[in-house]
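User: Please take a close look at one part of this structure and explain, for a newcomer, how its charged side chains pair.

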Amino acid sequence: MKVRKILIAGNWKMNHTEQESQDFFRRFHVIPAPEAELLFCLPFTDLAVAQKAWTETDIAWGAQNVFPEDKGAFTGEISPLMLKEAGCRYVICGHSERRQILGESDEFVARKVKSTYLHGMIPILCVGETAEERSRGDTEKRLSEELDAVFTEMGADSLIEGVIAYEPIWAIGSGVTAKPEDAEKVALFIRQKVERQWGKNVAENVRILYGGSIKADNVSLFLQKENIDGVLIGGASLSPDEMTRIYKKACIKEEI
Ligand code: PGA
């Protein structure tokens with residue numbers, strides 16, 4: 001029996017205009033159950049729509065990125081204060097698409113994590129290795145670099161409510177997931193590393209997600225694993241029907 005509450009998180013990436021998101025909200029009828037938390041990380045332009053549609057519900061919404069300063073001359077960026085006011089409970093930090101396409105360094109991602117935390121939102125720190133790193137046997141080395149940068153930046157603070165999403169880069173949008181047993185091994189590695197840094201209590205509370213080609217047909221295989229506390233879902237989260245199926249699977253006790 002897991003002590004940590006399962007988190008089913010959708011990441012819409014750069015999809016769904018305001019109109020399209022309204023359509024999604026109309027067609028999505030899930031009422032979250034106590035077994036699993038439900039979250040959508042939306043484009044900035046959809047946050048106000050979510051706030052309107054979901055304020056009276058238990059569905060959480062969040063952002064996909066943040067700039068680690070409260071305000072100032074940072075053209076095109078968005079501050080944690082703005083996200084907080086838009087009702088975001090979570091912020092994705094360091095998604096591999098931002099690391100790879102926009103060149104975000106481990107240190108910069110770590111600043112985003114700290115800033116999110118300091119503003120009372122929950123960071124979802126994304127970590128993961130490329131196909132080359134994996135074939136060289138460097139998965140743990142790469143994850144250690146990503147995590148150590150966050151440990152350094154956090155200083156004396158720890159992320160007791162934090163979320164770490166293990167997303168092997170080769171599994172994102174590819175239709176090929178990691179093997180659930182391999183993802184479990186990596187999740188355990190992450191938890192042990194968190195324990196060494198922040199102690200047992202934090203390690204037992206931190207939620208570790210798996211992300212990469214999750215859909216309704218495979219989600220249960222991951223949620224059954226001891227150290228996997230939820231999933232981060234890209235493509236499949238764009239469909240209200242598929243997201244409903246995934247959420248329902250997460251709430252079926254026998255399958256977990
Ligand atoms: P995917 O994306 O589910 O489309 O593979 C996951 C992610 O990038 O968070």
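Analyst: In this predicted model, glutamate 145 is partly exposed, because its relative accessible area is 37% and the partly exposed range runs from 20% to 50%. Its salt-bridge partner is arginine 142, and the closest N and O atoms of the two are 2.8 Å apart. Arginine 142, by contrast, has a relative accessible area of 15%, which is under 20%, so arginine 142 counts as buried. Both residues belong to helix α7, which spans residues 139-154, and they are separated by 3 residues, about one turn of the helix.

Arginine 142 also forms a salt bridge with glutamate 146, where the closest N and O atoms are 3.4 Å apart. This pair too lies within helix α7, with a spacing of 4 residues, again about one turn of the helix. Here both glutamate 146 and arginine 142 are buried.

A further salt bridge joins aspartate 229 to arginine 191, with 2.8 Å between the closest N and O atoms. This pair links distant parts of the chain, 38 residues apart: aspartate 229 sits in the loop between α10 (219-223) and β8 (230-233), while arginine 191 is in helix α8 (residues 180-198). Aspartate 229 and arginine 191 are both buried.

Through shared partners, salt bridges connect Arg99, Asp106, Lys141, Arg142, Glu145 and Glu146 into one network. Across the whole structure, a search finds 21 salt bridges. In general, side chains of opposite charge can pair when their charged atoms come close.

Technical notes:
Residues numbered from 1 in each chain as written. Predicted model: local features only at pLDDT ≥ 70, side-chain atom pairs only at ≥ 80, totals over all residues. Heavy atoms only, no water. Salt bridge = Lys/Arg side-chain N within 4 Å of Asp/Glu carboxyl O. Helix = DSSP H or I, 4+ residues; strand = E, 2+ residues; numbered from the N terminus. Buried < 20%, exposed > 50% of the residue type's maximum accessible area, 1.4 Å probe, protein only.
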